[in-house]
Amino acid sequence: MEVRSSAGDEISIQSNEKGEIYGPECELNEIGIEPDLILAMGKDGTVGYVKAADLEGPELNTPEEALAYQMQRPNQWEIPLYREDGETVIGSFVVGVAAREKAIYTALDENGEYPRTASGKTYGSRLLSRYVGYEPELISAVGLDGTRGYIKRADWEPEINTPEEALAYTEKMAQIPEGYLDVPLYDLEENVIGTFRVYTGNSEEVPPEVQATIDGLEQQRAAKLAAEG
């Protein structure tokens, strides 16, 4: 499966037998995809893939936890390098902290948080959410014509509060050709400046989180009816 990138080139979206997406992180991020296996070069020059989960480290829920984690870990460490199957180890990859920390802290404010717009909205790269502990309200992205701006997750994953809203959402997603949805690209004042294309996966299937919402709402409705009866 392929999609046009912001520069007009075609980016191939590849997945292994387990359904894990693999490829270059930067390119895939530009079309709204977080790869499970990231293209990398091992310490001996072998080209393979590292697991995003291995790079992320433990789950961090607050800036304080993130700072403590950064302070206690070594300057560099090794993680496995895999084939695209995500199972066969072909080497090791050295993760260095210095360059990553410099990039991280220049993109965050003095408190290790996302910076905010004049209206108070957080903005920045969602890749930094693994350090900050949450995703920004305005997510950095590159539009179809190469324009750099921001997107809002609610434009393709709206809040769902009722079974009717869930049904409307799944019907909308089923009409998306090849699992791609065009959403607005904004500037920091939230003016629309272009279009960003999000890869939503197999549009014929109901996303697990949406199905869970539907099930939960149906259970609440059934309990309410039983109580009233």
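This briefing covers the overall fold figures, the strands around β5, and the surroundings of E135. The model is predicted. Its protein chain has 229 residues, of which 37% count as buried. The secondary structure consists of seven helices and 13 strands.

**Whole chain**

- The accessible surface of the protein chain is about 13300 Å². Carbon and sulfur atoms account for 49% of that surface.
- Contacts between residues at least 6 apart in sequence were sorted by separation. Of these, 45% join residues at least 24 apart.

**β5 and its partner strands**

- Strand β5 spans residues 37–41. It pairs with β4 and with β6, in parallel with β4 and in the antiparallel sense with β6.
- Strand β4 covers residues 21–23 and is joined to β5 by two bridges. On this side, Y22 has L37 of β5 as its bridge partner.
- Strand β6 covers residues 47–51, and its pairing with β5 runs over five bridges. Here L39 is matched with Y49 of β6.
- The hairpin of β5 and β6 has five residues between the strands. In this hairpin, G45 takes a positive phi near 95°.

**Surface patch at the hairpin strands**

- L39, M41 and V47 make a nonpolar surface patch of about 290 Å².
- M41 lies in β5. Its relative accessible area is 51%, so M41 counts as exposed, the cut-off being over 50%.
- L39 takes part in both features: L39 belongs to the patch, and L39 also has a bridge partner in β6.
- As a general point, side chains in a regular strand alternate between the two faces of the sheet.

**E135 and its surroundings**

- E135 sits in the loop between α5 (129–132) and β10 (138–142).
- Its relative accessible area is 30%, so E135 is classed as partly exposed: the value falls between the 20% and 50% limits.
- Leaving aside neighbours within four places in sequence, E135 is in contact with Y114, R126, S129 and R153.
- With R153, the link is a polar contact between the two side chains, at 2.6 Å.
- G124 lies eleven residues from E135 along the chain, and the C-alpha atoms of the two are separated by 8.6 Å.

Conventions:
Residues are numbered from 1 along each chain as its sequence is written. This is a predicted model: local features need pLDDT of at least 70, side-chain atom pairs count only at pLDDT 80 or more; totals for chains, interfaces and linings use all residues. Side-chain values use heavy atoms; hydrogens and water are left out. Helices (H or I, at least four residues) and strands (E, at least two) are DSSP runs, numbered from the N terminus. Buried means under 20% relative accessible area, exposed over 50%, partly exposed in between (1.4 Å probe, protein chains only). Contact means heavy atoms within 4.5 Å. Accessible areas come from the Shrake-Rupley method with a 1.4 Å probe; for residues, only the protein chains shown count as cover. Patches are made of residues with over 30% relative accessible area and no salt bridge: like charges are joined within 9 Å, nonpolar side chains (Val, Leu, Ile, Met, Phe, Trp, Tyr) within 5 Å. A salt bridge is a side-chain nitrogen of Lys or Arg within 4 Å of a carboxyl oxygen of Asp or Glu. Two strands pair if DSSP finds at least two bridges between them. A polar contact is a pair of N or O atoms within 3.5 Å; within protein, one must be able to donate a hydrogen and the other to accept it, and residues adjacent in sequence count only if both atoms are side-chain atoms.
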